[in-house]
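Biologist: Could you walk me through one part of this model up close, the strand that holds the buried aspartate? Start with the overall layout, then zoom in.

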Amino acid sequence: AGGELRIFGNNDDESSHADLKPDGGRMVLFWSDEIPHEVLPTAPNADVTDDSRDRYALTIWIPTDHFHTIHNPDSKFAKLGDSLFSSGGNSGSD
């Protein structure tokens with residue numbers, strides 16, 4: 001395993017996080033400047049020639065002077081982080 005995306009909760013408790021496994025075909029989209037996150041090592045003990053352990057990420061920058069047109073606080077997804085961490089602990093799952 002390895003390469004999980006760790007998303008931290010909205011509080012100061014570092015143990016409040018969710019780990020998303022890098023399953024094939026999965027796409028995760030989020031505001032990376034607003035959601036504290038990290039990517040865990042893909043395979044710290046793997047052979048460097050093992051291409052099956054490669055992971056890729058794509059970052060898109062959207063330059064605009066009209067932030068409200070691309071980030072709507074009234075969106076049904078605006079409180080996604082709150083609902084993800086409403087249990088108040090480490091979900092440890094995807």
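Modeller: Sure, and keep in mind that this is a predicted model. The protein chain has 1 helix and 3 strands, and going from the N terminus the elements come in the order β-β-β-α. As for confidence, pLDDT averages 74 over the protein chain, with 66% of the residues at 70 or higher. Residues 88-94 are where the pLDDT is below 50, though that stretch still has 17 contacts in the model beyond near neighbours in sequence.

A few whole-chain numbers before we zoom in. Out of 94 residues in the protein chain, 17% count as buried. The exposed area comes to about 7,700 Å², and carbon and sulfur atoms supply 52% of that. If you take the contacts between residues at least 6 apart in sequence, 63% of them link residues at least 24 apart.

Now the sheet. The 3 strands form an open sheet in the order β2-β1-β3, and the pairing is antiparallel. That leaves β2 (17-20) and β3 (37-39) as the edge strands, each pairing on one side only. On average, neighbouring strands here are turned by 15° against each other, ignoring direction.

Your strand is β2, which is where D19 is found. Its partner is β1 (residues 5-8), running antiparallel to β2 and joined to it by 4 bridges. You can trace the register residue by residue: L5 has L20 as its bridge partner in β2, while I7 stands opposite A18.

Next, which way do the side chains of β2 point? In a regular strand, side chains alternate between the two faces of the sheet. In β2, H17 and D19 point one way and A18 and L20 the other. What's fun is that all four of these count as buried, even though β2 is an edge strand that pairs on one side only.

So why does D19 get the buried label? Its relative accessibility is 13%, and the cut-off for buried is under 20%, so D19 counts as buried. And what does the D19 side chain touch? There's a polar contact of 2.8 Å between the side chains of D19 and R6. To put the close-up together: D19 is in β2, points the same way as H17, and has a side-chain polar contact with R6.

Conventions
Residues are numbered from 1 along each chain as its sequence is written. This is a predicted model: local features need pLDDT of at least 70, side-chain atom pairs count only at pLDDT 80 or more; totals for chains, interfaces and linings use all residues. Side-chain values use heavy atoms; hydrogens and water are left out. Two strands pair if DSSP finds at least two bridges between them. Helices (H or I, at least four residues) and strands (E, at least two) are DSSP runs, numbered from the N terminus. Axes are lines fitted to C-alpha atoms, for helices over the stretch in contact, and angles run from 0 to 180 degrees between N-to-C directions. Buried means under 20% relative accessible area, exposed over 50%, partly exposed in between (1.4 Å probe, protein chains only). Contact means heavy atoms within 4.5 Å. Accessible areas come from the Shrake-Rupley method with a 1.4 Å probe; for residues, only the protein chains shown count as cover. pLDDT is the predictor's confidence in each residue, from 0 to 100. A polar contact is a pair of N or O atoms within 3.5 Å; within protein, one must be able to donate a hydrogen and the other to accept it, and residues adjacent in sequence count only if both atoms are side-chain atoms.
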